[in-house]
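Trainee: I'm new to this one. Please pick a single spot, look at it closely, and then take me through the charged pairs elsewhere.

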Amino acid sequence: MKDELTVGLLGCGVVGSGVVRLLREHADEIAVRLGAHLELGPVAVRDLRRTRDVDLPQITDDPRKVVADPDVDIVVEVMGGLDPARALITEALEAGKSVVTANKSLIATAGGDLGTIARRRGVRLEYEAAVAGGVPIIKPMRESLAGDRVRKVLGILNGTTNYILTRMTDEGASFEAALAEAQRLGYAEADPSADVTGADAAAKTAILASIAFDAQVTADDVYTEGITRVTPTDIAHARRMGYVIKLLGIAEVIDGTVGVRVHPALVPQDHPLANVRDAYNAVFVIGDAAGSLMFYGRGAGSLPTASAVVGDVVTVARALLAGERPPLPAPVPLKPVRSFDATTVQSYVLLDVADEPGVLAGVASAFGANGVSIRSVWQEGEGDTAQLLLITHAAREGAVRATTSALRQLPRVRDVASVMRVEGSEV
């Protein structure tokens with residue numbers, strides 16, 4: 001049995017430097033738990049001249065030197081992006097080296113193919129840090145809940161958008177003002193588009209759905225809406241009705257089909273996810289046997305994410321030291337992905353209407369003609385213009401879309417100001 005294993009690192013940015021720090025600062029504790037030492041080997045970086053806050057004795061700007069190094073036992077990829085990360089991970093797996101990655105985009109796009117290579121070569125591909133940063137969710141779902149049947153997963157999977165929505169809720173700030181504050185504090189990038197459009201959460205939702213339901217789900221399968229259209233008015237209406245608006249990643253299996261979606265949603269104030277604030281993440285899992293479980297913590301940042309990466313490194317190291325080959329999973333029938341239009345939802349619809357007799361009757365007729373039942377309705381405003389706020393009963397998304405299309409044709413409806421889904425007892 002080896003008494004030392006070498007870790008090669010691809011990338012040394014925010015997360016990579018955290019990995020270096022933890023491997024050094026926690027070296028003694030890790031050695032006790034493993035019965036062997038983890039040593040940092042070569043590190044590949046983009047710019048050799050850049051000043052770093054960690055010492056890197058073996059440094060290169062050629063990542064293939066890390067993958068090809070015969071002394072490297074475990075390859076850690078934290079460089080991000082699809083290319084050249086995919087080629088490098090493929091090369092490492094084909095060479096018989098286990099890989100740990102935090103690359104959500106890559107796993108959500110090509111995780112199935114990379115997993116197939118890993119199983120064929122008898123090595124491991126671990127990616128706990130790809131979803132919710134330092135919050136352990138991949139291993140609990142893949143291992144601890146392996147004997148259960150997961151029905152639904154709901155997650156606040158992006159700390160930037162959760163911080164923005166928290167500021168909008170607490171302070172009545174506009175989306176633009178809350179985003180500017182998030183950027184000033186370092187919670188949002190200079191280009192926040194992947195966060196605010198929902199793309200980041202969509203990749204993570206695809207990964208969770210694939211694990212939870214033994215399916216092959218990619219980011220392209222996820223219906224995605226961001227938070228750019230959420231207004232202080234929406235948030236005020238939601239609060240009045242007993243809801244909080246959150247950007248949710250939702251994956252569920254119904255009648256053998258998988259539904260995956262990311263969008264703003266009204267969450268009841270007494271739901272555990274409603275109290276997840278600021279830049280924190282949380283994943284709510286509903287299983288047949290275990291019931292409802294929630295995993296909560298920091299979803300990003302150097303050390304929280306590095307903690308998940310190093311945890312995966314220790315998992316791989318244990319398997320290497322024990323001479324374990326990962327078991328080949330039993331073949332399972334692939335579950336088809338259900339279109340969003342076929343998904344059953346409750347909806348919140350906000351209309352700007354003329355304050356005239358018969359308006360509500362016309363609106364109700366449009367809902368009824370498309371088979372959507374209204375659960376509750378409020379009307380506000382005086383004079384020429386009023387607002388109608390409606391919550392529907394559960395209905396197919398396609399029927400709700402047909403309804404809103406019909407509403408836009410009504411002469412007394414001046415604008416369909418907002419449409420959002422509601423997470424409640426009916427769905």
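**A close look at Arg52**

Mentor: Let's start with a short reach: the side chain of Arg52 comes to 2.8 Å from the backbone oxygen of Asp47. That's a polar contact (a pair of N or O atoms within 3.5 Å; within protein, one must be able to donate a hydrogen and the other to accept it, and residues adjacent in sequence count only if both atoms are side-chain atoms). Keep in mind that this is a predicted model, where local features need pLDDT of at least 70, side-chain atom pairs count only at pLDDT 80 or more, and totals for chains, interfaces and linings use all residues. Residues are numbered from 1 along each chain as its sequence is written, and side-chain values use heavy atoms, with hydrogens and water left out.

To find Arg52, go to the loop between strand S2 (37–44) and strand S3 (59–60); strands (E, at least two residues) and helices (H or I, at least four) are DSSP runs, numbered from the N terminus. The Arg52 side chain also reaches the backbone oxygen of Cys12, at 3.4 Å. Setting aside neighbours within four places in sequence, Arg52 is in contact (heavy atoms within 4.5 Å) with Cys12, Val45, Asp47 and Ile59.

Now, charge. Side chains of opposite charge can pair when their charged atoms come close. Lys and Arg count as positive and Asp and Glu as negative, while His and the chain ends are not counted. A salt bridge needs a side-chain nitrogen of Lys or Arg within 4 Å of a carboxyl oxygen of Asp or Glu. Arg52 is buried but has no salt bridge, as Asp47, the nearest side chain of opposite charge, is 6.0 Å away. Buried means under 20% relative accessible area, exposed over 50%, and partly exposed in between (1.4 Å probe, protein chains only).

Elsewhere there is plenty of pairing: the structure holds 28 salt bridges. In one of them, Glu171 meets Arg167 at 3.0 Å, N to O. These two sit 4 residues apart in helix H7 (residues 159–171), so about one helical turn separates them. Arg167 is buried, at 9% relative accessibility.

Arg240 pairs with Glu380, with the closest N and O atoms 3.2 Å apart. Because Arg240 is in helix H11 (residues 232–240) and Glu380 in strand S14 (residues 374–380), the pair ties together parts 140 residues apart in sequence. Glu380 is partly exposed, at 33%.

Finally, Glu397 and Arg421 form a salt bridge at 2.8 Å, closest N to O, and both are buried. Salt bridges with shared partners also join Lys152, Glu252, Arg261, Arg338 and Glu423 into one network.
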